[in-house]
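Below are some notes on the model, set out as numbered points. They cover a residue in a strand, the packing of the interior and the main pocket.

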Amino acid sequence: MTVMGDFEGRSALITGAGSGIGAACVALLIERGVSELVLVDLDPASLDGLDISLPTRRYAGDVADPALWQRIEQECPRLDLAVLNAGIADSAPIMDIDFAQWRKV
């Protein structure tokens, strides 16, 4: 089994961080020594519910909103890695999804 490297001294951005896979990634990165987290989720309560004892910036918002990314860019001087986990599901076949819906997914 391959073991991921050490993340000591690094910062990580995680979208969809409030639950599920995103929250599991938060826990794994903390376990591997990440020094700072930048967490993004649509649900502010889920971000607030994460018990984290290291420097953390929490952003409640839609990852499809350019203003959110502009704010993160201005407020976070450094990001070393990213887990782009946010997304939504659509039960339609991919060929039946119009471009606007595809971008949303």
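**Notes on the model**

1. The model is a predicted one. A polar atom of the Ser-11 side chain lies 3.0 Å from the backbone oxygen of Arg-78. Ser-11 belongs to strand β1.

2. Ser-11 counts as buried because its relative accessibility is 4%, and the cut-off for buried is under 20%. Leaving aside residues up to four places away in sequence, Ser-11 touches Val-34, Glu-36, Arg-78, Leu-79, Asp-80 and Leu-81. The partner in the polar contact, Arg-78, is thus also on the contact list.

3. The largest nonpolar core has 15 residues. Those with the most contacts inside this core are Ile-14, Val-26, Leu-29, Leu-37, Leu-39 and Ile-52. At least two residues of the core come from each of β1 (11-15), α1 (20-31) and β2 (36-41). Helix α1 gives the largest share, three residues.

4. A second core, separate from the one above, has seven residues. Leu-13, Val-38, Leu-68 and Ile-72 are among them. As a general point, nonpolar side chains in soluble globular proteins tend to be buried together.

5. Leu-37 is one of the residues with the most contacts inside the largest core. Beyond four places in sequence, Leu-37 touches Ala-12, Ile-14, Val-26, Ile-30, Ile-52, Leu-54, Pro-55, Thr-56 and Arg-57. This list includes Ile-14, Val-26 and Ile-52, which are also named among the residues with the most contacts inside that core.

6. Leu-29 is found in helix α1. Is Leu-29 buried or exposed? Leu-29 is buried, because its relative accessible area is 4% and buried means under 20%. With residues up to four places away in sequence left out, Leu-29 touches Phe-7, Ala-12, Ile-14, Val-34, Leu-81 and Val-83. Asp-6 is 23 residues from Leu-29 in sequence, and the two C-alpha atoms are 8.9 Å apart.

7. The largest pocket has a volume of about 320 Å³. Its lining is made up of 14 residues, and Asp-62, Val-63, Gly-87, Ile-88 and Lys-104 are those that lie nearest the centre. The elements giving two or more residues to the lining are β2 and α4 (99-104). Strand β2 also supplies at least two residues of the largest nonpolar core.

8. What classes of residue make up the lining of the largest pocket? Seven are nonpolar, three are polar and four are charged.

Notes:
Residues numbered from 1 in each chain as written. Predicted model: local features only at pLDDT ≥ 70, side-chain atom pairs only at ≥ 80, totals over all residues. Heavy atoms only, no water. Core = buried A, V, L, I, M, F, W, Y, C linked by side-chain atoms within 4.5 Å. Buried < 20%, exposed > 50% of the residue type's maximum accessible area, 1.4 Å probe, protein only. Helix = DSSP H or I, 4+ residues; strand = E, 2+ residues; numbered from the N terminus. Contact = heavy atoms within 4.5 Å. Polar contact = N/O pair within 3.5 Å; in protein donor to acceptor, adjacent residues only side chain to side chain. 1 Å grid on protein atoms, 1.4 Å probe; cavity = no way out; pocket = protein on both sides within 12 Å on 5 of 7 lines; lining within 4 Å. Points joined across faces, edges and corners; volume = space filled by probe spheres on them. Nonpolar A, V, L, I, M, F, W, Y, C, P; charged D, E, K, R; others polar.
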